Amino acid sequence: MNVFKRIALDDSAGWNAALTGLAVSPLHAHDYHVALADSLTDRVELLVYQADLGKAVCPIQIRERPGTIDITTPYGFHGWVADGVFSDFEPALKHFAVQQ
């Protein structure tokens with residue numbers, strides 16, 4: 001089953017478990033984002049895609065403004081890290097975003 005989920009910054013165990021088995025950089029670490037969040041007014045979460053044949057993770061910064069929500073990657077971070085096969089990643093991500 002292929003699913004997206006969001007892990008809140010206050011769930012350190014969930015965040016660290018999601019990184020298990022992936023070749024991540026220190027910029028993926030929960031502690032890095034806790035420290036970074038102290039300088040932000042926006043929410044930081046870990047977006048996880050769990051597929052039948054792999055997993056992908058990406059820290060995200062959620063910027064809520066009147067009438068809109070913008071999602072970006074936090075400072076110093078450049079995107080997804082993954083291991084596996086993801087034949088339906090793009091349409092699944094679009095569907096997940098619309099549902100949010």
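Select Gly-79 first and display its surroundings: leaving aside neighbours within four places in sequence, Gly-79 is in contact with His-28, Val-57, Cys-58 and Thr-73. The model on screen is a predicted one. Gly-79 lies in the loop between E4 and strand E5, which covers 81-84. Is Gly-79 buried or exposed? Its relative accessible area is 14%, and because the limit for a buried residue is under 20%, Gly-79 counts as buried. To gauge a distance from this point, select Gln-61 as well. The two residues are 18 positions apart in sequence, and their C-alpha atoms are 11 Å apart in space.

**From Gly-79 to His-28**

Next, select His-28, one of the residues in contact with Gly-79. His-28 is placed in the loop between H1 and helix H2, the latter spanning 30-37. With a relative accessibility of 5%, His-28 is a buried residue. Which residues does His-28 contact, apart from neighbours within four places in sequence? They are Trp-15, Leu-19, His-33, Val-57, Pro-59, Phe-77, Gly-79 and Val-81. Val-57 deserves a label in the viewer, since it appears among the contacts of Gly-79 and also among those of His-28.

**Into helix H2**

Among the contacts of His-28 is His-33, which should be selected now. His-33 belongs to helix H2. Its relative accessibility is 0%, and it counts as buried. Beyond residues up to four places away in sequence, His-33 touches Leu-9, Trp-15, Leu-27, His-28, Val-44, Pro-59 and Pro-74. A C-alpha distance may be drawn from His-33 to Leu-46: the separation is 9.5 Å, for residues 13 positions apart along the chain.

Remain in helix H2 and select His-30, which is also found there. His-30 has a relative accessible area of 8% and is buried. Setting aside neighbours within four places in sequence, its contacts are Leu-9, Asp-11, Ser-12, Trp-15 and Asn-16. Leu-9 and Trp-15 can be kept highlighted, as both are touched by His-33 and both are in contact with His-30. From His-30 to Gly-14 the C-alpha distance is 9.7 Å, across 16 residues of sequence.

**Strand E3**

Now move to Ile-60, whose place is in strand E3, residues 54-65. Ile-60 is buried, at 6% relative accessibility. What does Ile-60 touch, not counting residues up to four places away in sequence? Its partners are Arg-43, Val-44, Glu-45, Leu-47, Ile-71, Thr-72 and Pro-74. Val-44 and Pro-74 are familiar from the list for His-33. Draw the distance from Ile-60 to Val-44: their C-alpha atoms are 5.7 Å apart, although the residues are 16 positions apart in sequence.

**The whole chain**

Clear the selections and display the protein as a cartoon. How many helices and strands does the secondary structure contain? There are three helices and five strands. Followed from the N terminus, the elements run β-α-α-β-β-β-β-α. The radius of gyration is 13 Å, close to the 13 Å given by the globule rule for 100 residues, so the protein is as compact as a globular protein of that length. Along the principal axes, the C-alpha atoms fill a box of roughly 35 × 30 × 20 Å.

A display of contacts may be added at this stage. Of the contacts with a separation of 6 or more, 57% are accounted for by residues 24 or more positions apart.

**Surface, charge and confidence**

Switch on the accessible surface, which comes to about 6100 Å². Carbon and sulfur atoms hold 56% of that area. Of the 100 residues, 37% count as buried. If the charged residues are shown, there are 7 positive and 12 negative charges, and the mean positions of the two groups are 4 Å apart.

Finally, colour the model by pLDDT. The average is 89, and 99% of the residues score at least 70. Among the elements, helix H1 (residues 12-19) has the highest mean pLDDT, 96, while strand E4 (residues 68-72) has the lowest, 86. Where pLDDT is low, predicted coordinates should not be read in detail.

Notes: Residues numbered from 1 in each chain as written. Predicted model: local features only at pLDDT ≥ 70, side-chain atom pairs only at ≥ 80, totals over all residues. Heavy atoms only, no water. Helix = DSSP H or I, 4+ residues; strand = E, 2+ residues; numbered from the N terminus. Rg over C-alpha atoms; globule rule 2.2 N^0.38 Å. Buried < 20%, exposed > 50% of the residue type's maximum accessible area, 1.4 Å probe, protein only. Contact = heavy atoms within 4.5 Å. Areas by Shrake-Rupley, 256 points an atom, 1.4 Å probe, with all protein chains shown as cover. Lys, Arg positive; Asp, Glu negative; His and termini not counted. Charge placed at Lys NZ, Arg CZ, Asp CG, Glu CD. pLDDT = per-residue confidence, 0-100.
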